[in-house]
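Visitor: I would like a close look at one part of this protein, taken slowly. Please start with a turn and then work outwards to its surroundings.

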Amino acid sequence: MASEATKIYDEKMTKTLAALDSDYATIRAGRANPHVLDKIMVDYYGAPTPINQVGNITVPEPRMIQIQPWDGSMLKAIEKAINASELGIHPGNDGKVIRLIFPELSEERRKELNKDVKKKAEASKVAIRNIRRDALDTFKKQEKKKEITEDILKDLEEEMQKLTDKYIADIDKKCDDKCKDILSV
């Protein structure tokens, strides 16, 4: 019974971890990573569309991303979307493809990115703890209504704490890995 009751909360925690992964994928660490473009939307005939759905994205060199739109008229729209984003890189347009050259990160910029990584990790930990709190509140209400016994409540509380500890450790590991990635030159 205990694992069935905590299953939905485990799924919520998994989604929180997946959201952190996608946030970390968009933080550039000095190398060209096509995922930095994931959240940039292009005006494609009046509809906001992700860049990867309007062209082919390749990484021909370690510090360069190349975007080749399937429709040549989209070059200006893609360039405009990249300039309007928080990417901080100005695209080069040769009339057929757009090239994004990633400069070497300065020490100051690396430290800023590190702080951002740690903030995102802390926000994810808070989300995990909120999920645990919601679960415990639900279990305590069930115990008051006599739907579960006091022993089952204790088992559920222990299981939720173990889940929380596991996900917090995962977040810490992801944060440490991303910080090392950013700080490595």
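Visitor: How many residues lie between S5 and S6 in their hairpin, and which residue in the turn has a positive phi?

Guide: This is a predicted model, and everything below should be read with that in mind. Four residues lie between S5 and S6 in the hairpin, and the residue in the turn with a positive phi, about 95°, is Gly95.

Start with the two strands on either side of that turn. Strand S5 covers residues 92-93, and strand S6 covers residues 98-101. The two strands are paired in the antiparallel sense, over two bridges. To find the pairing on the model, look for Asn93 in S5, which stands opposite Ile98 in S6. Gly92 stands opposite Arg99, again in S6.

The hairpin belongs to a wider sheet. This sheet is open and has four strands, in the order S3-S4-S6-S5, with antiparallel pairing. Its edge strands are S3 (55-61) and S5, each of which pairs on one side only. On the other side of S6 from S5 comes S4 in the order of strands. Strand S4 is residues 64-69, and four bridges join S4 to S6 in an antiparallel run. A place to check this is Met64, which stands opposite Ile101 in S6.

From S4, go on to S3. Five bridges join these two strands, and they too run antiparallel. Asn56 stands opposite Gln68 in S4. S3 and S4 also form a hairpin, with two residues between them.

Now return to S6 and consider its two faces. The covered face has Ile98 and Leu100, whereas the uncovered face has Arg99 and Ile101. Two of these residues have already come up in the pairing with S5: Ile98, opposite Asn93, and Arg99, opposite Gly92. A helix also lies against this part of the sheet. Helix H2, residues 75-84, lies across S4, S5 and S6, and it runs at about 20° to S6.

There is a second hairpin turn with a positive phi, and it can be set beside the one at Gly95. Strands S1 (41-44) and S2 (47-50) have a loop between them, and Tyr45 lies in that loop. S1 and S2 pair in the antiparallel sense over four bridges, with Val42 standing opposite Thr49 in S2. This hairpin has two residues between its strands, and Tyr45 takes a positive phi near 50° there. Tyr45 is a residue other than glycine, so its positive value is pointed out separately. Tyr45 counts as exposed because its relative accessibility is 63%, and exposed means over 50%.

Lys146 is another residue of this kind: its phi is positive, about 65°, although Lys146 is not a glycine. Lys146 is found in the loop between H3 and H4. With a relative accessible area of 71%, Lys146 is exposed.

The two helices on either side of that loop deserve a look as well. Helix H4 is residues 150-183, and Thr164 has its place there. Thr164 is buried because its relative accessible area is 2%, and the cut-off for buried is under 20%. Leaving aside residues up to four places away in sequence, Thr164 touches Met13, Ile128 and Arg132.

Helix H3 is residues 107-144. Ala123 is found in H3, and with 46% relative accessibility it counts as partly exposed. Ala123 and Thr16 are 107 residues apart along the chain, yet 9.8 Å separates their C-alpha atoms.

H3 also leads to the last stop, the largest pocket. About 400 Å³ of space lies in it. The pocket is lined by 15 residues, and Thr26, Ile27, Glu86, Leu87 and Arg109 are those that lie nearest its centre. Five lining residues come from H3, which is the largest share. Sorted by class, the lining has eight charged, five nonpolar and two polar residues.

Notes. Residues are numbered from 1 along each chain as its sequence is written. This is a predicted model: local features need pLDDT of at least 70, side-chain atom pairs count only at pLDDT 80 or more; totals for chains, interfaces and linings use all residues. Side-chain values use heavy atoms; hydrogens and water are left out. Two strands pair if DSSP finds at least two bridges between them. Contact means heavy atoms within 4.5 Å. Axes are lines fitted to C-alpha atoms, for helices over the stretch in contact, and angles run from 0 to 180 degrees between N-to-C directions. Buried means under 20% relative accessible area, exposed over 50%, partly exposed in between (1.4 Å probe, protein chains only). On a 1 Å grid over the protein atoms alone, a cavity is a set of points where a 1.4 Å probe fits but cannot get out, and a pocket is an open set with protein on both sides within 12 Å along at least five of seven lines; lining residues have an atom within 4 Å of a point. Grid points are joined across faces, edges and corners, and a volume is the space filled by probe spheres set on the points. Ala, Val, Leu, Ile, Met, Phe, Trp, Tyr, Cys and Pro count as nonpolar, Asp, Glu, Lys and Arg as charged, and the others, Gly among them, as polar.
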